[in-house]
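Hi,

Here is the structure I promised to pass on. Have a look at it first, and my notes follow underneath.

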Amino acid sequence: MSDAVLSIRNLSVEIPTRTGVVKPVDGVSYDISAGEILGVVGESGAGKSMAGNAVIGLLSPPAHIAAGEIWLNGTRIDALKGEAMRRLRGKQIGMVFQDPLTSLNPLLSIGDQLTETMLTHLPISRSEAEKRAVAALEEVGIPGAVERIDSYPHEFSGGMRQRVVIALALCAEPSLIIADEPTTALDVSVQAQIIALLKRLCRDRGTAVMLITHDMGVIAEAADRVAVMYAGRLAELGTVRDVLTQPQHPYTAGLMASTPLASAGKARLHQIEGAMPRLDNVPEGCAFHPRCEYAQDKCRAAPAPQISDSHAACWFPLIAEKVS
Amino acid sequence: MTDIPEQGMAPKIAQKSRLRVFLDSDIYYTFKRSPVAVVSTIVVLILVLSAVFAPLIAPTNPFNPASLNLMNGFTPPMEPNAFTGDTFFLGTDDQGRDVFSTILYGMRVSLFVGVAAVLFAMVLGITLGLISGYVGGWTETIIMRTADVQLTFPSILVAMLIFGIAKGFTPVEYRDQMAIWVLIIAIGLSDWVQFARVVRGATLVEKRKEYVEAARLIGRTPYAIMLRHILPNVLSPVLVIATISLALAIIAEATLSFLGVGAPPTQPSLGTLIRIGQGFLFSGEWWILLFPAVTLLTLALSVNLLGDWLRDALNPRLR
Amino acid sequence: MSRALTIAALIAALAPAVQAEEFTWAETTDPQTMDPHAVNSAAVLGFLNNVYEGLVRRDKDMTIEPALATAWEPIGDGEGWRFTLREGVTFHDGSAFTAEDVLFSYQRASNEASDTRSWFAPVSEVVVVDDYTVDIMTSAPNPIFPGSIANWMIMDSGWAEANNATLPDKESGNYATLNTNGTGAFRVTAREPGLRTVLEPFDGWWGEVEHNITRAELTPIQNPATAVAALLSGDVDFINPVPIQDVARLQQDDDVEVIQGIEARVIMLGFPHEADALKFSSETTDTNPFADVRVRQAVAHAINVPAILQTIMRGNAEEVAQLVSPAMQGYSPALAARPAYDPDQARALLAEAGYPDGFSFGLKCPNDRYLNDESVCQAVTGMLAQVGLRATLDAMPVQNYWPELRADNYDMYLLGWSPGTFDAEHPIRFLAATPNEEKRLGSWNFGGYSNARVDELLPQIQSELDDATRQAMLDEVAMTLQDEMAYVPMYVQPLVWGTRSNISMTQRPDNFFILRWVTVN
Amino acid sequence: MLAYIIRRMGQSALVLLIVGLVAFSMFRFVGDPIDNMLGQERTAEDIERLREQLGLDQPFAVQYFRFLEGAVQGNFGVSYRQGRPVSEILLERAPATLELAAVSGILAIVFGIALGVFTAIRRNGFTANFIMSASLIGVSLPTFLIGILLIYIFSVELGWLPSFGRGETVDIGGWSTGFLTESGLKALILPAITLGLYQMTLIMRLVRSEMLEVLRQDYIRFARARGLKDRAINFRHALKNTMVPVITVIGLQLGAIIAFAIITETVFQWPGVGLLFINAIQFVDIPVMAAYLMLISVMFVGINLIVDILYFFIDPRLRVDRAGGH
């Protein structure tokens, strides 16, 4: 924990609604070290983005952190408010959104947006910021950065825009990047380039990355470790190799089996019966039990165990042979 | 992994009564939580009901000239008239008409004009919006250019122009009965653009969606597609605009009355009553102006507040 | 206390020096031209009476008194009138007033382009006898001629020629539309049509100065409520008219005073005498009930004039039974009684005429012409409804009203008439004579009322020199009109002016505001 | 951009033509000018003669064509009522309306935007909610009534401000301005508030809803995620984007201000073109009415043109001829 850039402990996010309190994130814990890429994977609504938003302090009310701790470089940040939190954002935590088409302000040139961000966080002059802006664009692979610095977002293609977004997220040299589905909105041909770029930049700088995605392919490609989330809870946590080749949680196993990449060569893709429960209707016990083919009475009665020795939150973790 | 029907509450909902569904809906929930919405709804309801049932509530019928006694003129509220000894709840106006009754009947006229004008604008705007959004091409250009031209011209002038023209085309003997309808058309015509724009925008979006494509492929006529598929999707922004337009129409009617092109004084609307009443502002007969003005304010304000709340609750993009 | 008094005294002492003689007033309409011969309207003539002068003028009680003429006498047996002109009078630009100017002004005012032409219909010739004597010849004896030209204003011939304004031009205007050169007590020093007109006293005026004004400004204020507000807040010193309903409020205010009088204007109802059928009835579409005198009498009995005066007019008007008010020359005192308010008799008369259940019809009314015209029509509608005469009221602005009446689009209408000559002959000529385009008779007799005896008496009245004989004939006409109920006269419209209380002035019954009678205290 | 402006001008010309036609057709129903031009003692012969002189006996199309012919040359004819060239009268009156409209417009825009931004940023605050509700009172009362009430309170009862007119004006090269005298400025206050209140409310509500919409956008979230200061986010990022749709509406509202001036000018006896128009209706002064409507349309067309050009400066997406592309 001490060497981790980001450390999340028992994080719970709650949203009060008319029918009761919903917990999109429920007791999640994980660490990310410098230069490490943690893939956070799960279906939509599993709470993976919510956790990211909680870290950067951008939960939209009435969602709020109800319990747990968030540590960044040894400082606890979950209770930080307003101005203190703002100073962290961009400076220590960068964020990349899903859709590069909507992430950039259409009315400001990309140079303006870059220098503005740098000037907000770094004690540098405007001319220095402008120099760095060009450098940042070059670094993310924008050809002709010097000329393009005054261009507006609409003058770039989608992939180029996502490069700009990455440059923006990294320009104040944060120690953590939260990339929320950074490739989902892009053409397949561009996806790999962006992932490679992200990977390279973070490795070079030793930036920790929380890579939020629903795409196992992206995880396999980029992540060092992976956290699987289901219904707001952490289902499995481990190195990419372990989780992908030897999933211990039945959900992860199902997920893998349903992914073309991981089940390459199989005659037909596997399907998990049923759907993830609505967050206001999470079943008692282990959240996955209604869909789990291995479910026992214990699963129905008691919540899944905390991730400890094994890297799955499951009463009956799968052993390697069980993966069919 | 997602093709399975959703679990949970879906089957239960089908069994519930429509009322139940409404009472369980988010709209009703936010509604209950907003005192402003509740109060303004109650006020609007009271006003609308008392306008509708004015003949039952009002002590006199101010539209029947034979029932008036001029000597009752200018009786202050709750005080007996110096000549006749009659007492009136909110006093009387210059013609000896009971102000309370004229307000009830005037509200009828105002609401009728307002609602009818908005309905007219709505039907016209939705139709033209749907057509121009769905058909496109020249039809769209003509309709939307007309809308632009009209938008550059303020509604009050448009209404005055239409009023003038309509009055000229109406045969003399029908002019009096026509005044109200002309007013409705004048206000409605100056108001359709908003509806058309919103509906056209929404139609353009919906038209590209797969279900509309599918409906077209299985051979539904454009008419059916627009009516069954696209229209329901644009209803909530239309509802919001309609509410706000209603308040605007009521005010517009009052303003036109002030400029002397409104409802005839023998069948006064709230606007006409205010026009008449403002002549007595300095003379001490404050009740002739105050009560209709307060009624108009209350009505328009409640409708506006309701529209405001609806806008927030339905959160449509009002473009 | 004493200090307050000192300050008050100080203010009183300082105030007049600064602005006491400056006088601002507001009227509903702006005089549309400064040309005294272009438009024959009260707004124009009333205002220009302060700038231009006629041979004669009317005094505070409307009697004719010398102005630019010092004396006048009939010529022979009524061939004309000889006017002796005042000597030593100069126009505002300094040029002298002579008989030439009178002849010029006659030619100008009687020209086809002039709106005042009808005044000179009786005139055959104007002869300049010498510089200060003028003979005005009439085609028939005309005893009331001097009284009929009080508003004929004399313009300087040299000035008009120099400025290319020898004829009035109301279509496109000329120099005289915006500029003036009269002999009156005030000269126009600034003229911004529709905004303001500034008057300053003419130092070379021949008359004796009664006023103490150094500068006066007229601003038109169309909205009556705004005008009342301006008077109450002291932004203006005088407004005309005061809305009837605001009289009581203004009277209560210490800073403001209300001057009331009875105007010459009689408000009456008119009928479609000649029409074959009603135009706006839902059931009576083949006959014209108003052609029956009993129906017209029923109307007269159905209307509760005292109630209208009591409420709508707030006790500020008087009922009248003839086409002229009692203040006019030739009024018939013996015929002063209006038909009594008697709904039962009205119903009986209707039943007798064959309409026991009454009938429906259309009543036309202006809504911006006379004081509270629309309210009066509403009240009339209500009163008629009580005897079964179900009127549909159509009230409209005056610019739509006259065309509507000319097109005979009415079953009954409201009309106000103010005799320009202040003589009972005037309404007979315009309202009671059978319409005759050539003789210019009955031009406002929309309903086409026609009575041979009235037509016969009119020219005799016009030329009769003996007052008693003339009055007898006027009485006969008035009696005929009453018996036949040609019109239903209701009341004489009041004149209500409002001033700041430090102003004293005289109100003339023709509603002309004469600035030289104003004193600022 | 030039081509765009030229096309807009073409469309505007068409608009003007249509407005002219509509306006002209209206005049036939306003009433008959003859009665106002002739006195009580006129004859039917006088009426015919004058009608002929004014060309009123001509068919409608001929009258319209004549009017257009003159209008193109800047000649709107001679006022029936004042007997002076209409263009001269309009030029004389225009400063009053333009000054009033400018002050009201600035009031409406400045306060509208400021309050709109405030209520959007503090969307759930008590003050913001109060402002939102109170603003509805402004749009729930007819303008004329607000004007009359203001006169009653501030002129009659309190005696602080003049009840009518422009006060003293100073003439600068044919432009009469009320900005330079104390009484002129005082006289502006009530009419400007009356006229601007409604538009202010509209702008405020529009700015608020657009701003809320913008604040939900991804690029605002992204800007927040980059740790930009609230002020930069609200004013640099959000407000600028809010202004794009708002500017169109503000343009239209400025036009509406000039048109609504009719009512305000009537209530306050403000000597502008609106009052002139109302008086013209009353006296069936057809040349003045026609010229007024044309003037108003020209102004609207001009305002719209300015709005369009403004877009080029605000929204880079429209600057297509600017180098770039993919």
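A word on confidence before anything else: pLDDT is the predictor's confidence in each residue, from 0 to 100. You need it because this is a predicted model, with an ipTM of 0.74 and a pTM of 0.77.

I spent much of my time on chain C, so let me begin there. Its average pLDDT is 87, and 96% of the residues score at least 70. Within chain C, confidence is highest in helix α9 (residues 293-302), at a mean of 94, and lowest in helix α1 (residues 2-20), at 46. Residues 1-20 of chain C stay under 50 throughout, and the model has 2 contacts for that stretch beyond four places in sequence. I'd keep that in mind when you look at the start of the chain.

As for the overall build, chain C has 16 helices and 19 strands. Its C-alpha trace spans about 70 × 70 × 45 Å along the principal axes. What radius of gyration would a compact globule of 521 residues have? Near 24 Å, and chain C agrees with that because its own value is 25 Å. Buried residues account for 55% of the 521 residues in chain C. The contacts also reach far along the sequence: of those in chain C between residues at least 6 apart, 70% join residues at least 24 apart.

One residue I looked at by itself is Glu22(C), which lies in strand β1 (residues 22-27) of chain C. Is Glu22(C) buried or partly exposed? It has 13 C-beta neighbours inside 10 Å, so it counts as partly exposed; buried would take 20 or more. Setting aside neighbours within four places in sequence, Glu22(C) is in contact with Thr214(C) and Arg215(C). Pro74(C), on the other hand, is 52 residues from Glu22(C) in sequence and 43 Å away in space, C-alpha to C-alpha.

Now for how the chains meet. Which of the 5 pairs of chains that touch has the most contacts? That is chains C and D. Their contact takes 36 residues from chain C and 40 residues from chain D. On the chain D side, α2 (34-37), α3 (44-54), α7 (143-157), α10 (230-268) and α11 (273-282) each supply at least two residues. The most comes from α7(D), with 5 residues. By type, the side of chain D that touches chain C has 18 nonpolar, 16 polar and 6 charged residues.

Chain C also meets chain B, where 30 residues of chain C are in contact with 23 residues of chain B. The chain B side divides into 11 nonpolar, 8 polar and 4 charged. Chains A and C, by contrast, do not touch, and their nearest C-alpha atoms are 49 Å apart.

Last, a helix pair inside chain D. Helix α5 (residues 86-121) of chain D packs against α11(D) at an angle of about 130 degrees, with the axes 7 Å apart. That angle is why α5(D) counts as oblique to α11(D). From α5(D), the contact is made by Ile89(D), Leu90(D), Arg93(D), Ala94(D) and Thr97(D), and from α11(D) by Val273(D), Gly274(D) and Leu276(D). These residues divide into 5 nonpolar, 2 polar and 1 charged. As noted above, α11(D) is also among the helices that supply the side of chain D touching chain C.

Cheers

Technical notes: Residues are numbered from 1 along each chain as its sequence is written. Chains are lettered from A and ligands numbered from 1 in the order in which they are written. This is a predicted model: local features need pLDDT of at least 70, side-chain atom pairs count only at pLDDT 80 or more; totals for chains, interfaces and linings use all residues. Two residues are in contact if their C-beta atoms, placed from the backbone, lie within 7 Å. Helices (H or I, at least four residues) and strands (E, at least two) are DSSP runs, numbered from the N terminus. Ala, Val, Leu, Ile, Met, Phe, Trp, Tyr, Cys and Pro count as nonpolar, Asp, Glu, Lys and Arg as charged, and the others, Gly among them, as polar. Axes are lines fitted to C-alpha atoms, for helices over the stretch in contact, and angles run from 0 to 180 degrees between N-to-C directions. Angles under 35 degrees count as roughly parallel, over 145 as roughly antiparallel, 65 to 115 as roughly perpendicular and the rest as oblique. The radius of gyration is taken over C-alpha atoms; the globule rule is 2.2 Å times the number of residues to the power 0.38. A residue is buried if 20 or more other C-beta atoms lie within 10 Å of its own, exposed if 12 or fewer, and partly exposed in between; C-beta atoms are placed from the backbone.
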